[in-house]
Amino acid sequence: MVLLSLLFGLLLSPPAAEALTADTDGATVPARSPASACEDFAKRQISLADRLTRDSNYNRALKVLNSTAKNCDRDFVREKIYEVLGEWYGTIRGRGLGAIQEFLGVVADQSYLSASQRSRLVGQVRSDVRSMIDRTFENGEYEATYELCRTFSEYASGTFGAQYACGSAAEQVGAQGAAMQSYSWLLDNWNDDQSPATWAEIATNLESMYLLNGRFRAAYDLGRRRAAREPAPERILSTLIAARGNFLAPLLRVGTVFYQSQPGDPALSYVDSEMQRVKFPDYVRAFYVLEGDGTVDRGMYGSEADAPSASLLEEVSGSVSLLRAPGNSNLAWLVSPIGSRFLVLEFGIATTPEENVRLESIQENVESDEQWQKLYQLEYTETYPASGSAIGTLLGGAALAGEGFEGYGEIFEGSSVLTYYCIQSESGDVVRSHNFGRSRLEYGGDEWERTSSTPALYHHPIQYAGQSMREVVWPNFVNDEWAGVIRIGLVQS
């Protein structure tokens with residue numbers, strides 16, 4: 001009987017075990033997948049962001065969504081970020097430049113925007129900025145137009161209309177640097193079908209600003225472009241004037257440093273006296289310091305001064321400006337401000353016979369680089385001995401005054417014409433210099449010794465550190481006593 005019971009139990013055990021297992025499985029809740037939990041979390045956070053945007057708390061909403069994307073990066077979360085940014089921008093349009101700048105900063109910080117989403121948002125801002133530029137410019141609100149162009153320069157650029165409005169507004173408010181940049185872009189990307197002005201009108205304005213701001217090489221290059229389009233004598237002559245300005249302007253820049261330092265009477269008298277020895281080109285008429293009321297304070301060269309009018313002096317913009325007399329006058333001036341005064345180099349625009357030959361050759365073949373180069377070389381050759389001598393005189397005055405030379409070094413560093421200076425004592429020792437090394441001066445024979453003791457102006461072509469240039473060796477006389485030489489290195493461009 002016991003054996004039968006055991007046998008019966010063994011037969012029943014497997015089904016019973018299966019039943020027990022089945023009951024246990026049926027009572028267990030299935031585990032939720034990590035993906036489902038992540039998306040549920042993201043949806044709850046999006047609901048929170050929706051409540052924040054309804055309260056116009058867009059910054060907070062974006063922080064919530066970015067935190068959500070960091071923990072659960074899903075396409076619908078990214079799309080929500082884009083949606084909130086678009087809604088936010090809709091609320092700030094027309095609220096001023098600061099709000100737009102803040103919005104652009106927030107967009108730039110978004111790491112969960114796709115390239116296309118970012119492009120659409122920025123494109124909307126660009127379109128609105130250009131519309132604001134057009135509207136303010138058409139209404140004559142030049143300050144507002146300029147501020148828009150300055151603040152959103154990368155969004156304002158790229159179209160003729162916006163560039164013209166930005167350039168014109170900048171010119172109206174006196175921001176000539178910005179105006180030159182816009183006008184230069186217009187000329188380089190010209191399209192007759194889109195431009196609100198003619199090429200000649202833009203070029204005329206730009207060339208005038210180049211001359212007023214001391215950008216003489218740029219004025220020369222633009223003059224060439226104008227002459228190629230319209231090879232009239234006055235167009236070609238304008239390049240000659242720009243070339244003269246380019247090679248004479250360094251004298252004004254060095255002179256400004258000298259006179260701003262307010263040297264004593266011995267140094268001033270030295271410059272007044274020694275400047276008379278400089279052999280300027282025939283077209284240079286006078287060199288003087290002009291008071292703010294138009295009276296000559298002191299004259300360093302020339303017997304008479306025909307000073308520019310007060311209205312012309314108001315046009316001075318850069319460190320060196322070239323002013324032209326109105327009408328058919330042959331007068332022009334290079335002018336540098338010195339506090340309330342002005343340093344002025346007065347010259348005529350009449351041409352020499354040799355210049356006339358060069359100008360006529362250009363007019364016959366305005367596309368010839370060789371003819372243009374010959375004109376530029378002619379102006380350089382005629383001008384550099386005088387520029388070097390006059391600059392040497394000013395440096396001699398600075399040495400006599402015992403003033404610092406840092407400002408002169410900055411002028412040489414920033415010049416496309418000046419390379420080095422070297423002041424030598426009567427014993428030949430170098431007492432002051434900038435960018436000068438005896439070993440880089442490729443002299444032959446006893447040329448260094450001969451030039452170091454010259455009692456008269458010496459100028460010649462040289463090789464300096466492998467570069468072709470011209471050197472002016474100017475004898476330094478103090479109280480009529482020879483006191484050494486001053487070397488100035490100049491390049492053509």
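**Entry 1: Asn479**

I started at Asn479, which is exposed at a relative accessible area of 71%; exposed means over 50%, buried under 20%, and partly exposed in between, with a 1.4 Å probe and protein chains only. Asn479 sits in the loop between β9 (467-478) and β10 (481-490). I took helices (H or I, at least four residues) and strands (E, at least two) as DSSP runs, numbered from the N terminus. The phi of Asn479 is near 55°, a positive value in a residue other than glycine.

A note to myself on the source: this is a predicted model, where local features need pLDDT of at least 70 and side-chain atom pairs count only at pLDDT 80 or more, while totals for chains, interfaces and linings use all residues. Residues are numbered from 1 along each chain as its sequence is written, and side-chain values use heavy atoms, with hydrogens and water left out.

**Entry 2: Gln262**

Next I looked up Gln262, in the loop between α13 and α14 (265-275). Gln262 counts as exposed because its relative accessibility is 68%. Its phi is near 50°, again a positive value in a residue other than glycine. Gln262 follows α13, so I turned to that helix.

**Entry 3: helix α13**

How far apart are the end C-alpha atoms of α13? I found 39 Å, which agrees with the 40 Å that its 28 residues should span at 1.5 Å a residue. The expected span is 1.5 Å times one less than the number of residues.

I also found a kink of about 40° at Leu248, shortly before the proline Pro250. The bend at a residue is the angle between axes fitted to the seven residues ending there and the seven starting there.

Why do I call α13 largely enclosed by the rest of the structure? Because 21 of its 28 residues are buried.

I picked two residues of this helix. Ala242 is in α13 and is buried, with a relative accessible area of 1%. Leaving out residues up to four places away in sequence, Ala242 touches Leu211, Phe216, Ala219 and Tyr220; contact here means heavy atoms within 4.5 Å. For a long-range check, I compared Ala242 with Ala115: they are 127 residues apart in sequence and 48 Å apart in space, C-alpha to C-alpha.

Thr256 is also placed in α13, and it counts as buried at 11% relative accessibility. With the same sequence neighbours left out, Thr256 touches Ser336, Pro337 and Leu343.

**Entry 4: the nonpolar cores**

Which residues have the most contacts inside the largest nonpolar core? They are Tyr259 and Met275, in a core of 84 residues. Such a core is a set of buried Ala, Val, Leu, Ile, Met, Phe, Trp, Tyr and Cys residues joined through side-chain atoms within 4.5 Å. Helix α13 (residues 233-260) gives the most to this core, with 13 residues. Apart from this core lies another of 42 residues, including Ala49, Trp88, Val106 and Tyr112.

I then listed what Met275 is in contact with, beyond its neighbours within four places in sequence: Phe280, Phe287, Met300, Tyr301, Ala390, Thr393 and Leu394.

**Entry 5: helix α11**

α11 has 14 residues and reaches 20 Å from its first C-alpha to its last, close to the 20 Å expected at 1.5 Å a residue. Among its buried residues I noted Trp199, Glu207, Tyr210 and Leu211. The buried residues of α11 pack against α9 (160-173), α10 (176-188), α12 (216-229), α13 and β3. Just after α11, Gly214 has a positive phi of about 70°.

**Entry 6: the largest pocket**

About 400 Å³ of space lies in the largest pocket. A pocket is an open set of points on a 1 Å grid over the protein atoms alone, where a 1.4 Å probe fits, with protein on both sides within 12 Å along at least five of seven lines; lining residues have an atom within 4 Å of a point. Grid points are joined across faces, edges and corners, and the volume is the space filled by probe spheres set on the points.

The lining has 17 residues, of which Thr204, Glu207, Ser208, Leu211 and Arg324 lie nearest the pocket centre. The elements giving two or more residues to it are α11 (199-212), α13 and β3 (321-324). Which element gives the most to the lining? It is α13, with six residues.
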